[in-house]
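Visitor: I have a new model open and would like to learn how to read it piece by piece. Could you walk me through it?

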Amino acid sequence: MSIRSLIQDIKFSRSQRVVVSAARPAGEAVGEPLNQTCWAQMPQELLREVLVRIEASEATWPPRKSVVACAGVCRSWRHLTKEIVKAPEFSGKLTFPISVKQPGPRDDLVRCFIKRNRSTQTYYLFLGLTHALTDEGKFLLAARKFKRPTCTDYVVSLHADDMSKGSSNYIGKLRSNFLGTKFTIFDGQPSHSGDKIAKSRSTRLVNLKQVFPRVPAGNYPVAQIQYELNMMGSRGPRRMQCTMDSIPSSSVEPGGVAPTQAEFSHNNAELFPSLPFFRSKSNRVESFLSGPLARQKDGVLVLRNKSPRWHEQLQCWCLNFHGRVTVASVKNFQLVASPENGPAGPEHEKIILQFGKVGKDLFTMDYRYPISAFQAFSICLSSFDTKIACE
């Protein structure tokens with residue numbers, strides 16, 4: 001049997017199982033029979049060889065959905081597929097939804113693009129499938145803008161039409177101050193065990209047992225973005241600085257390591273089992289945990305925008321985007337690691353994130369290690385927000 005025919009059989013058996021599961025009476029267990037499928041009886045050695053071949057042959061989207069289909073066959077297939085499929089840092093591939101929370105590859109930029117819908121104030125992140133700027137892309141994330149009296153929120157979700165903070169599709173959010181000069185990126189789940197949860201309306205709990213297991217996602221501050229004020233109104237691009245609170249500055253050095261989330265937690269109560277929940281006057285969850293990076297601000301990664309050069313003939317500020325940006329805009333930027341407390345090395349010349357305009361509502365976004373697609377997307381969203389004091 002060829003790999004292609006095997007994949008077709010797997011997809012057919014999955015569709016049949018979905019139909020059967022949908023027809024089951026309410027309350028009947030549907031999880032355990034997954035291991036009783038004919039595919040679950042395949043010898044482990046043969047199964048590993050098959051999955052390795054499928055993973056190698058379906059390297060790009062949309063064919064790569066076959067790898068995801070294999071992970072959905074049964075529990076044994078899922079565990080083995082997750083073992084074979086490497087994180088984007090090592091493979092350069094975004095396969096499972098958790099990939100958007102994991103750092104990108106070290107050597108190459110992940111090419112993405114953002115589409116803006118002005119009428120709904122919604123932004124869609126797609127993975128580029130070719131080097132062209134106009135391909136359809138693979139959907140990754142969506143964000144919607146919500147204006148508050150004193151701030152603006154951008155809620156980020158795995159689903160284009162589900163922006164509920166209580167949903168399992170909720171990834172995190174970006175919040176700005178009133179002037180649009182300072183932003184905080186909140187992750188719905190901690191990037192490491194030392195992260196601390198912030199006070200927020202989205203973490204309200206009345207009684208943990210009453211809402212278990214659908215505990216609302218927490219808000220873990222993982223990055224701060226600050227735009228430099230331009231009170232004199234001088235010409236030139238915006239100046240910005242990103243403090244990545246969850247990433248150590250050593251991550252950009254050879255052998256450096258950034259926190260990598262292995263999987264989503266379906267029950268946020270598992271993230272902080274020893275955390276005391278209580279009902280306060282504001283119904284907010286409070287945590288007195290403090291991570292190691294929170295106490296060592298000088299040890300976190302700081303990103304700064306790369307300084308452009310003035311082009312006399314074009315009479316404008318220019319950056320080399322290597323053909324990925326075609327329209328001049330104040331929103332365009334490139335971020336590099338800032339050499340804090342030391343001389344700049346080769347690692348501080350690498351572009352970690354670049355963002356630029358290619359159409360009226362189309363923008364490119366390319367990122368690499370040590371930041372994730374979610375973090376890169378959130379930083380780019382900050383560029384869309386109105387900045388009264390920075391123009």
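Guide: Happily! Let us begin with one side chain: E228 is partly exposed, because its relative accessibility is 45%. Keep in mind that this is a predicted model.

Visitor: Which residue forms a salt bridge with E228?

Guide: The partner is R239, and the closest N and O atoms of the pair are 3.6 Å apart. R239 counts as exposed, because its relative accessible area is 54% and the cut-off for that class is over 50%. Both E228 and R239 sit in the loop between strand 7 (220–227) and strand 8, 11 residues apart.

Visitor: How many salt bridges does a search of the whole structure find?

Guide: The search finds 15. Another one to look at joins R324 to D366, with the closest N and O atoms 2.7 Å apart. R324 belongs to the loop between strand 11 (316–318) and strand 12 (333–337), while D366 belongs to strand 14 (residues 362–367), so this salt bridge ties together parts 42 residues apart in sequence.

Visitor: Is R324 buried or exposed?

Guide: R324 is buried, at 5% relative accessibility. D366 is buried as well, with a relative accessible area of 2%.

Visitor: Which residues are linked in a network of salt bridges?

Guide: Look for R148, D153, K165 and R175. Within that network, R148 and D153 form a salt bridge whose closest N and O atoms are 3.5 Å apart. R148 is partly exposed at 38% relative accessibility, whereas D153 is buried at 0%.

Visitor: What is the bridge partner of D153 in strand 5?

Guide: That is R175, so to speak of D153 and R175 is also to speak of two members of the salt-bridge network. Strand 4 (residues 152–157) and strand 5 run antiparallel and are joined by 6 bridges. On the other side of the pairing list, 5 bridges join strand 5 to strand 6 (residues 182–187), again antiparallel, and R175 stands opposite T184 there.

Visitor: How should I read the strands themselves?

Guide: The general idea is that side chains in a regular strand alternate between the two faces of the sheet. In this model, strand 5 (residues 170–176) is mostly covered, with 6 of its 7 residues buried. Strand 5 and strand 6 form a hairpin with 5 residues between them, and G180 in the turn has a positive phi of about 75°.

Visitor: What do the paired strands build?

Guide: They make a closed barrel of 12 strands, with antiparallel pairing, in the order 1-2-3-4-5-6-7-8-9-12-13-14. Neighbouring strands of this sheet are turned by 20° against each other on average, direction ignored. One of the pairs is strand 8 (residues 240–248) with strand 9 (residues 300–305), joined by 5 bridges, where Q241 stands opposite R304.

Visitor: And how do I read a helix?

Guide: An α-helix has 3.6 residues a turn, so residues three or four places apart point the same way. In helix 4 (residues 75–84), the buried residues include W77, L80, T81 and I84. They lie on the same side of helix 4, because they cover an arc of only 105° around the axis.

Visitor: What about the nonpolar core?

Guide: In soluble globular proteins, nonpolar side chains tend to be buried together. Here the largest nonpolar core has 50 residues, and I114, L141, L353, M365, Y367, F377 and I379 touch the most other members. Helix 8 (residues 373–384) gives the largest share, 8 residues. Apart from this core lies another, of 18 residues, among them M42, L47, A71 and V85.

How values were computed:
Residues are numbered from 1 along each chain as its sequence is written. This is a predicted model: local features need pLDDT of at least 70, side-chain atom pairs count only at pLDDT 80 or more; totals for chains, interfaces and linings use all residues. Side-chain values use heavy atoms; hydrogens and water are left out. Buried means under 20% relative accessible area, exposed over 50%, partly exposed in between (1.4 Å probe, protein chains only). Helices (H or I, at least four residues) and strands (E, at least two) are DSSP runs, numbered from the N terminus. Two strands pair if DSSP finds at least two bridges between them. The arc is that of the directions from the helix axis to the C-beta atoms. A nonpolar core is a set of buried Ala, Val, Leu, Ile, Met, Phe, Trp, Tyr and Cys residues joined through side-chain atoms within 4.5 Å. Axes are lines fitted to C-alpha atoms, for helices over the stretch in contact, and angles run from 0 to 180 degrees between N-to-C directions. A salt bridge is a side-chain nitrogen of Lys or Arg within 4 Å of a carboxyl oxygen of Asp or Glu.
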